[in-house]
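The following paragraphs lead the reader through a set of charged pairs and then through two histidines. Please keep the sequence and the structure in view while reading.

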Amino acid sequence: MSETVSKPKHIARRFPRYPLDIRVSVHVFREGKTSSFWGRSTEFGADGISATLTGELEPGEVVSMELSLPAVSFPLKLRAIVRYHQGLRHGFEFLARNAEQSEAIRQLCETMASKQ
């Protein structure tokens with residue numbers, strides 16, 4: 001059974017988070033095989049996403065994830081690192097992104113910021 005790791009409360013976020021409900025699929029390679037989970041996002045920001053998934057991931061695991069962002073015609077396939085989990089809710093930090101992915105994320109964040 002895995003230990004739940006709480007999100008640190010004292011660390012300020014580098015980027016604002018916005019509520020966002022989209023489908024997320026996540027793949028992790030562990031113990032010689034790929035495990036896949038899916039779920040729904042809860043928050044989104046320029047540097048990461050939080051999502052409730054169908055299974056648990058451990059902090060520090062690197063995953064491949066696929067997101068279909070609103071107003072983006074292609075699914076984003078990103079690598080991310082698990083920063084925390086509380087039960088089935090996970091926080092991910094995006095790793096390397098190409099210019100097209102970075103631009104799609106930037107535009108979505110600007111759109112969500114303008115609606116607040």
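In this predicted model, R83 and E93 form a salt bridge whose closest N and O atoms are 2.7 Å apart. R83 belongs to strand β6 and E93 to strand β7, so the pair ties together parts that are 10 residues apart in sequence. R83 counts as partly exposed because its relative accessibility is 46%. Through salt bridges that share partners, R83 and E93 join R14, R17 and D47 in one network.

Within that network, D47 meets two arginine side chains: R14 at 3.2 Å, N to O, and R17 at 2.7 Å, N to O. D47 lies in the loop between β3 and β4 and R17 in the segment before β1, so this pair connects parts that are 30 residues apart in sequence. R14 also lies in the segment before β1, 33 residues from D47. D47 and R17 are both buried, whereas R14 is exposed, with a relative accessible area of 58%. The structure holds nine salt bridges.

The two histidines lie in the strands already introduced: H85 in β6 and H90 in β7. H85 is buried at 0% relative accessible area, and H90 is likewise buried at 0%. The side chain of H85 reaches the backbone oxygen of G87 at 3.1 Å. For H90, a polar side-chain atom lies 2.9 Å from the backbone nitrogen of L57, and one lies 2.8 Å from the backbone oxygen of L88. Residues that H90 touches include S50, L57, Y84 and H85. S50 and H85 are 35 residues apart in sequence, yet 9.2 Å apart in space, C-alpha to C-alpha.

Terms used. Residues are numbered from 1 along each chain as its sequence is written. This is a predicted model: local features need pLDDT of at least 70, side-chain atom pairs count only at pLDDT 80 or more; totals for chains, interfaces and linings use all residues. Side-chain values use heavy atoms; hydrogens and water are left out. Helices (H or I, at least four residues) and strands (E, at least two) are DSSP runs, numbered from the N terminus. Buried means under 20% relative accessible area, exposed over 50%, partly exposed in between (1.4 Å probe, protein chains only). A polar contact is a pair of N or O atoms within 3.5 Å; within protein, one must be able to donate a hydrogen and the other to accept it, and residues adjacent in sequence count only if both atoms are side-chain atoms. Contact means heavy atoms within 4.5 Å. A salt bridge is a side-chain nitrogen of Lys or Arg within 4 Å of a carboxyl oxygen of Asp or Glu. Lists of a residue's contacts leave out its neighbours within four places in sequence.
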